[in-house]
Amino acid sequence: MAGASGCLFCAGPMLPRLCAGLAAGPRSLFRASAYSTALLVGSGGPSPGEVAASRRGRTSQNARNRRVVGAPRTEKMAVDQYWGNVYPTAAAFNPSSVPLPIRMGYPVKRGAPPPKEGNLELIKIPNFLHLTPPAIKKHCTALKDFCTEWPAVLDSDEKCEQHFPIEIETVDYVSAGPSVRNPKARVVTLRVKLSKLNLDDHAKKKLIKLVGERYCKDTDILTIITDRCPLRRQNYDYGIYLLTVLYHESWKTEMWENEKTEADMEEYIWDNSPSQKNALDTLLRIRAAEKTSEVTKEELLASEIVENYKTAVVALKNEGETDNNILQYKESVMKLLNLHALQ
């Protein structure tokens with residue numbers, strides 16, 4: 001290979017010793033290659049001074065390109081600046097935009113809490129910096145064109161309850177957390193008085209039977225709480241749907257309802273009851289024995305003595321044998337039979 005005129009290694013002017021080593025043998029080749037390799041590395045690399053100078057140049061260039069930190073916005077704000085332009089919408093706390101000495105966090109070494117600069121506690125919690133009184137007033141003024149005036153006829157709570165008997169209650173929560181949404185805010189409470197609904201005696205009793213413990217007899221209020229759906233609007237629609245279904249189902253009369261007896265009734269009914277018949281028969285016999293003027297059954301039922309007896313019997317049957325009910329029943333029976341005159 002060394003005697004060939006067209007040697008590949010002889011074409012390069014930097015490798016004459018390598019070509020000579022190839023002609024001499026393998027040992028000379030190893031020595032020549034090692035020597036030539038060391039020569040190439042030592043002669044081709046930059047010197048330490050050049051490397052240091054290059055690094056100093058890059059550092060000075062980065063320093064020139066670095067942005068100079070200016071003064072915070074709080075030092076440039078005017079005293080009469082409109083705060084709505086600083087916080088127009090809900091946003092995280094920005095220490096350079098709030099000109100207040102706010103501190104929050106655990107005090108270090110029994111000192112003051114950390115300042116607002118670089119304070120993560122102030123960034124984590126929601127704030128109301130965008131809901132200042134002037135900002136709220138400006139929002140209300142902008143929304144006023146899209147609102148309707150309050151009806152002048154609804155000038156009292158009684159009239160509002162008369163025309164709008166259904167009351168909807170929802171709760172909004174403000175809490176410190178990763179999200180401003182609270183799962184409890186989806187709950188919707190619907191209240192309505194049964195006396196405001198168009199129900200007859202049968203429909204009212206059936207609706208009370210259907211709703212169970214959701215109806216309060218003392219206040220005559222039906223309460224429906226919906227929380228099955230993920231959104232508040234969905235729970236509201238579901239509550240209105242339940243009220244509509246209950247109203248229409250209460251007006252239906254099934255075939256088995258016509259077969260109900262007195263023992264199946266939800267409460268004691270005075271009209272056409274054995275107690276009413278016995279009281280009328282007793283009074284008619286007393287009047288016949290005393291030979292007084294004849295009195296009709298309608299007049300006897302409308303008398304005060306029979307009304308007191310009716311109230312006592314109904315309370316005793318529906319509410320149970322309490323001390324007050326028993327005492328009231330005793331007084332009504334004595335007046336009905338005119339036993340006070342014998343004492």
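Of the 343 residues in this protein, 19% count as buried, where buried means under 20% relative accessible area, exposed over 50%, and partly exposed in between (1.4 Å probe, protein chains only). This is a predicted model, so local features need pLDDT of at least 70 and side-chain atom pairs count only at pLDDT 80 or more, while totals for chains, interfaces and linings use all residues. Residues are numbered from 1 along each chain as its sequence is written, and side-chain values use heavy atoms, with hydrogens and water left out.

**Overall picture**

The protein has twelve helices and four strands; these are DSSP runs numbered from the N terminus, with helices being H or I over at least four residues and strands E over at least two. Its accessible surface comes to about 26500 Å², and 57% of that belongs to carbon and sulfur atoms. Those areas come from the Shrake-Rupley method with a 1.4 Å probe, and for residues only the protein chains shown count as cover. As for contacts (heavy atoms within 4.5 Å), take the ones between residues at least 6 apart in sequence: 48% of them join residues at least 24 apart.

**The loop between α4 and α5**

H130 sits in the loop between α4 (120–124) and α5 (133–143). Is H130 buried or exposed? H130 counts as buried because its relative accessibility is 13%. Leaving out residues up to four places away in sequence, H130 touches Y87, P88, T89, A90 and A135.

L131 is found in that loop between α4 and α5 too, but L131 is partly exposed, at 36% relative accessible area. L131 joins F128, I136 and V174 in a nonpolar surface patch of about 380 Å². For the record, patches are made of residues with over 30% relative accessible area and no salt bridge; like charges are joined within 9 Å, and nonpolar side chains (Val, Leu, Ile, Met, Phe, Trp, Tyr) within 5 Å. A salt bridge here is a side-chain nitrogen of Lys or Arg within 4 Å of a carboxyl oxygen of Asp or Glu.

**Positive phi outside glycine**

Here are two non-glycine residues with positive phi.

| Residue | Phi | Place | Relative accessible area |
|---|---|---|---|
| K109 | near 55° | loop between α3 (48–65) and α4 | 80%, exposed |
| D220 | about 60° | loop between β3 (215–216) and β4 (221–226) | 14%, buried |

**Helix α11 and the C-terminal end**

Helix α11 (residues 304–319) has 16 residues and reaches 22 Å from its first C-alpha to its last, close to the 22 Å expected at 1.5 Å a residue. That expected span is 1.5 Å times one less than the number of residues. Which residues of α11 are buried? They are V306, Y309, A312, V313 and A315. An α-helix has 3.6 residues a turn, so residues three or four places apart point the same way. The buried residues of α11 pack against α9 (274–290), α10 (297–302) and α12 (323–336). Just after α11, G320 takes a positive phi of about 100°.

Further along, N338 lies in the segment after α12 and is partly exposed, with 46% relative accessible area. N338 and I305 are 33 residues apart in sequence, and their C-alpha atoms are 9.8 Å apart in space.

**Cysteines**

With a disulfide taken as a pair of cysteine sulfur atoms within 2.5 Å, the count comes to zero disulfides. C160 is partly exposed at 21% relative accessibility, and C216 is partly exposed at 32% relative accessible area.
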